Amino acid sequence: MKRINRIKIVLVEKDRTSKWLAEQLGKDCSTISKWCTNSSQPSIETLLQIAQLLHVDIKDLLNSSMDESLSKE
């Protein structure tokens, strides 16, 4: 499974929980869990909301495509 987002990592770095994020976004905790495990992905609009809530750049929520291409070499 490809690790597309870093939501779980950034939540830990910001001392926030997935429950807190679910409450802030008005989403079900199971939805947030799927995002954190990369089994599904939020929309770009939702990623922007998450970035704003966590006071990070939206790029901080995504794994670099460069990292993946380097690992294939």
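Here are three short exercises, with worked solutions, on a predicted model of a protein chain.

**Exercise 1: the overall layout**

Work out how many helices and strands the chain has, and what pattern they follow along the sequence.

*Solution.* Start by counting: you get 5 helices and 0 strands. Next, read along the sequence, and the pattern comes out as α-α-α-α-α. Now look at how the chain packs against itself. Take the contacts between residues at least 6 apart in sequence: 63% of them join residues at least 24 apart.

**Exercise 2: the core**

Find which residues touch the most other members of the largest nonpolar core, and which helices supply it.

*Solution.* The largest nonpolar core holds 16 residues, and the ones touching the most other members are Ile7, Leu21, Ile32, Ile50, Leu54 and Leu61. Then check the helices: H1 (7-13), H2 (18-25), H3 (29-36) and H4 (44-54) each supply at least two residues of this core. Now zoom in on Leu21. Skip residues up to four places away in sequence, and Leu21 touches Ile7, Leu11, Ile32, Ile50 and Leu53. As a bit of background, nonpolar side chains tend to be buried together in soluble globular proteins.

**Exercise 3: a residue in a loop**

Decide whether Asn38 is buried or exposed, and find a polar contact of its side chain.

*Solution.* First, locate Asn38: it sits in the loop between H3 and H4. Its relative accessible area is 5%, and the cut-off for buried is under 20%, so Asn38 is buried. Finally, its side chain makes a polar contact of 3.0 Å with the side chain of Gln41. For the whole chain, buried residues make up 27% of the 73 residues.

How values were computed. Residues numbered from 1 in each chain as written. Predicted model: local features only at pLDDT ≥ 70, side-chain atom pairs only at ≥ 80, totals over all residues. Heavy atoms only, no water. Core = buried A, V, L, I, M, F, W, Y, C linked by side-chain atoms within 4.5 Å. Buried < 20%, exposed > 50% of the residue type's maximum accessible area, 1.4 Å probe, protein only. Helix = DSSP H or I, 4+ residues; strand = E, 2+ residues; numbered from the N terminus. Contact = heavy atoms within 4.5 Å. Polar contact = N/O pair within 3.5 Å; in protein donor to acceptor, adjacent residues only side chain to side chain.
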